[in-house]
Amino acid sequence: MSVSVVEEERLEVDHERCSQWSRETSEIRRATPDVRNSLLESKANATRRTVLEMIYEAGLGHLGGDFSVIDVLTVAYNLVLNINPSDPSAADRDRLILSKG
């Protein structure tokens, strides 16, 4: 039996974008419910635009599957999950396993 060890690949971190994400997430978490919903809706719509641009540029993709999960992921990553984009390998981070099939 052969066992291979895979070294963990370090992800390159864009610290400016991480700081922006942290500020936005903090604002969302501190907001009143009405304001929070509006901020989350804006983030989800921005993500939809990004996905649409990516699919257009690639010339292929499936909008239905991508768009159907954006609201759930927006809430998960901005309100629920314990993550730190500046340290994606943190041992105590939450992990999301998602299956649509």
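Reader: Of the 101 residues of the chain, what percentage count as buried?
Author: Good place to start, and please keep in mind that this is a predicted model. A residue counts as buried when its relative accessible area is under 20%. Among the 101 residues of this chain, the share that meets this cut-off is 18%.

Reader: Which pattern does the chain follow along the sequence?
Author: Let's begin with the elements themselves: the chain has three helices and zero strands. Reading along the sequence, you meet the pattern α-α-α.

Reader: How much area does the chain expose, and what percentage of it do carbon and sulfur atoms supply?
Author: Now look at the outside of the model. The chain exposes about 8,200 Å². Of that area, the part supplied by carbon and sulfur atoms is 53%.

Reader: How far does helix α2 reach from its first C-alpha to its last?
Author: Helix α2 covers residues 33-58, which gives it 26 residues. At 1.5 Å a residue, the expected reach is 38 Å. The model comes close to that, with α2 reaching 37 Å.

Reader: Which residues of α2 are buried, and which helices do they pack against?
Author: The buried residues in α2 are L40, K43, A44, R48, V51 and I55. An α-helix has 3.6 residues a turn, so residues three or four places apart point the same way. The helices that the buried residues of α2 pack against are α1 (15-30) and α3 (63-80).

Reader: Which residue follows α2, and what is special about its phi?
Author: Go just past the end of α2 and check the backbone there. The residue that follows has a positive phi, near 80°. That residue is G59.

Reader: Are α1 and α3 roughly parallel or roughly perpendicular to each other?
Author: The axes of α1 and α3 are 9 Å apart, and these helices pack at an angle of about 90°. Angles of 65 to 115 degrees count as roughly perpendicular. Therefore α1 and α3 are, to each other, roughly perpendicular.

Reader: Which residues of α3 does α1 meet?
Author: From the α1 side, the residues taking part are W21, T25, I28 and R29. By class, the contact of α1 with α3 has five nonpolar, two polar and one charged residues. On the α3 side, the residues are Y77, N78, L79 and V80.

Reader: How many charged residues does the contact of α1 with α2 have?
Author: Here α1 and α2 pack at an angle of about 145°, with their axes 8 Å apart. W21, E24, E27, I28 and R29 in α1 meet R36, L39, L40 and K43 in α2. By class, this contact has four nonpolar residues and no polar ones, while its number of charged residues is five.

Reader: Is N78 buried or exposed, and what is its relative accessible area?
Author: You can find N78 in helix α3. Leaving out residues up to four places away in sequence, N78 touches W21, T25, I28, R29, L40 and K43. N78 is buried because it falls under the 20% cut-off, with a relative accessible area of 3%.

Reader: Which residues is A31 in contact with, leaving aside its neighbours within four places in sequence?
Author: A31 is found in the loop between α1 and α2. This residue is buried, with a relative accessible area of 13%. Once the neighbours within four places are set aside, A31 is in contact with R36 and L39.

Reader: What distance separates the C-alpha atoms of R17 and P85?
Author: R17 is found in helix α1 and is exposed, with a relative accessible area of 61%. Along the chain, R17 and P85 are 68 residues apart. In space, their C-alpha atoms are separated by 8.8 Å.

Reader: How far apart in space are N84 and S19, C-alpha to C-alpha?
Author: N84 sits in the segment after α3 and counts as partly exposed, at 38% relative accessibility. In sequence, N84 and S19 are 65 residues apart. C-alpha to C-alpha, the distance is 9.9 Å.

Reader: What distance separates the C-alpha atoms of R95 and L81?
Author: R95 also belongs to the segment after α3. With a relative accessible area of 52%, R95 is exposed. R95 and L81 are 14 residues apart along the chain, and their C-alpha atoms are separated by 7.7 Å.

Reader: Among contacts between residues at least 6 apart in sequence, what percentage join residues at least 24 apart?
Author: Contact here means heavy atoms within 4.5 Å. Taking the contacts in the chain between residues at least 6 apart in sequence, the share that joins residues at least 24 apart is 52%.

Terms used
Residues numbered from 1 in each chain as written. Predicted model: local features only at pLDDT ≥ 70, side-chain atom pairs only at ≥ 80, totals over all residues. Heavy atoms only, no water. Helix = DSSP H or I, 4+ residues; strand = E, 2+ residues; numbered from the N terminus. Expected span 1.5 Å × (residues − 1). Buried < 20%, exposed > 50% of the residue type's maximum accessible area, 1.4 Å probe, protein only. Axes fitted to C-alpha atoms, helices over the stretch in contact; angles between N-to-C directions. Parallel < 35°, antiparallel > 145°, perpendicular 65-115°, else oblique. Nonpolar A, V, L, I, M, F, W, Y, C, P; charged D, E, K, R; others polar. Areas by Shrake-Rupley, 256 points an atom, 1.4 Å probe, with all protein chains shown as cover.
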